[in-house]
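Here's a quick tour for anyone meeting this structure for the first time. Take a look at it below, then read on.

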Amino acid sequence: MKLYVCYGTFPAPWRPGGHPCRNAYKALKEAGHDPELVLSYGLAPLPGVFNRTRGRQEVKELTGKFTVPVLVTDDGETVADSKNIVAWAKAHPAKAASGVS
């Protein structure tokens, strides 16, 4: 599972509702997932020339937009937007290890 984020998953107390990338990451972790973070430097509202990093280009190919966060599950499902990722995490908790060999 990959989670495309902007510059990280840091708290943003100045932002109402918190930082979207952190909200998505935190929801996935609370659901028992351990996503690979793909740092996708750039800024979605800027023209494409300013969003040339690998992460932003992959996000554009996946969703048609440069906006993060974007989740790509192990099954290849793409979930865009932090609210959708939070909902997905709640609906898909990680399977606990059974401990059976």
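Which residues of the largest nonpolar core touch the most other members? Let's start there and work outwards, keeping in mind that this is a predicted model.

## The core

The largest nonpolar core has 19 residues, and those that touch the most other members are Leu3, Tyr4, Leu28, Leu71 and Ile85. Strand 1, helix 1, strand 3 and helix 3 each put in at least two residues. Helix 1 is the top contributor to this core, with 4 residues. As general background, nonpolar side chains in soluble globular proteins tend to be buried together.

Tyrosine 4 is a good residue to click on. Leaving aside residues up to four places away in sequence, tyrosine 4 has a list of contacts that includes Val38, Val59, Leu62, Val68 and Val72. Ser40, Gly55 and Glu58 are also among the residues that tyrosine 4 touches.

## The sheet

Now for the strands. There are 4 of them in an open sheet, lined up in the order 2-1-3-4, with mixed pairing. Strand 2 (36–39) and strand 4 (78–80) are at the edges; each has a single partner strand, so one side of each has no neighbour in the sheet. From one strand to the next, the twist averages 20°.

Where does the mix come from? Strand 1 and strand 2 run parallel and are joined by 4 bridges, with leucine 3 standing opposite leucine 37 in strand 2. Strand 1 pairs with strand 3 in the antiparallel sense, over 3 bridges, and here tyrosine 4 stands opposite valine 70 in strand 3. Strand 3 (residues 70–72) and strand 4 are antiparallel too, again over 3 bridges. Valine 70 turns up here as well, since its bridge partner in strand 4 is alanine 80.

## Helix 1 on the sheet

Helix 1 (residues 20–30) packs on the sheet, where it touches strand 1 (2–5), strand 2 and strand 3. The direction of helix 1 makes about 160° with that of strand 1. Put strand 1, helix 1 and strand 2 together and you get a right-handed β-α-β unit.

## Two neighbours in one loop

What sits in the loop between strand 2 and helix 2 (54–63)? Asparagine 51 is one residue with its place there, and arginine 52 is another. Are they buried or exposed? Asparagine 51 has 0% relative accessibility, so it counts as buried. Arginine 52 has 56%, so it counts as exposed; the cut-off for exposed is over 50%.

The side chain of asparagine 51 reaches two backbone atoms: the nitrogen of leucine 43 at 2.8 Å and the oxygen of leucine 46 at 3.2 Å. Not counting residues up to four places away in sequence, asparagine 51 touches residues including Gly42, Ala44, Arg56, Gln57 and Phe66. The side chain of arginine 52 has a polar contact of 3.4 Å with that of glutamine 57. Arginine 52 is also 9.2 Å from serine 40, C-alpha to C-alpha, with their positions 12 residues apart in sequence.

## Two backbone oddities

Most residues other than glycine have a negative phi, and most peptide bonds are trans. Which places here go the other way? Look at valine 68 and proline 69, which are joined by a cis peptide bond with omega at about 10°. Proline 69 lies in the loop between helix 2 and strand 3. Both valine 68 and proline 69 are also among the contacts of tyrosine 4, which takes us back to the core.

The other place is aspartate 81, a residue other than glycine with a positive phi, near 85°. Aspartate 81 is in the loop between strand 4 and helix 3. With 39% relative accessibility, aspartate 81 counts as partly exposed.

## Lysine 83

Last stop: helix 3 (residues 82–91), where you'll find lysine 83. Is lysine 83 buried or exposed? Its relative accessibility is 67%, so lysine 83 counts as exposed. How far is lysine 83 from proline 20? They are 63 residues apart in sequence, and their C-alpha atoms are 8.1 Å apart in space.

Technical notes
Residues numbered from 1 in each chain as written. Predicted model: local features only at pLDDT ≥ 70, side-chain atom pairs only at ≥ 80, totals over all residues. Heavy atoms only, no water. Buried < 20%, exposed > 50% of the residue type's maximum accessible area, 1.4 Å probe, protein only. Pairing = 2+ DSSP bridges. Axes fitted to C-alpha atoms, helices over the stretch in contact; angles between N-to-C directions. Contact = heavy atoms within 4.5 Å. Polar contact = N/O pair within 3.5 Å; in protein donor to acceptor, adjacent residues only side chain to side chain. Core = buried A, V, L, I, M, F, W, Y, C linked by side-chain atoms within 4.5 Å. Right-handed = clockwise from strand over helix to strand, strands pointing away.
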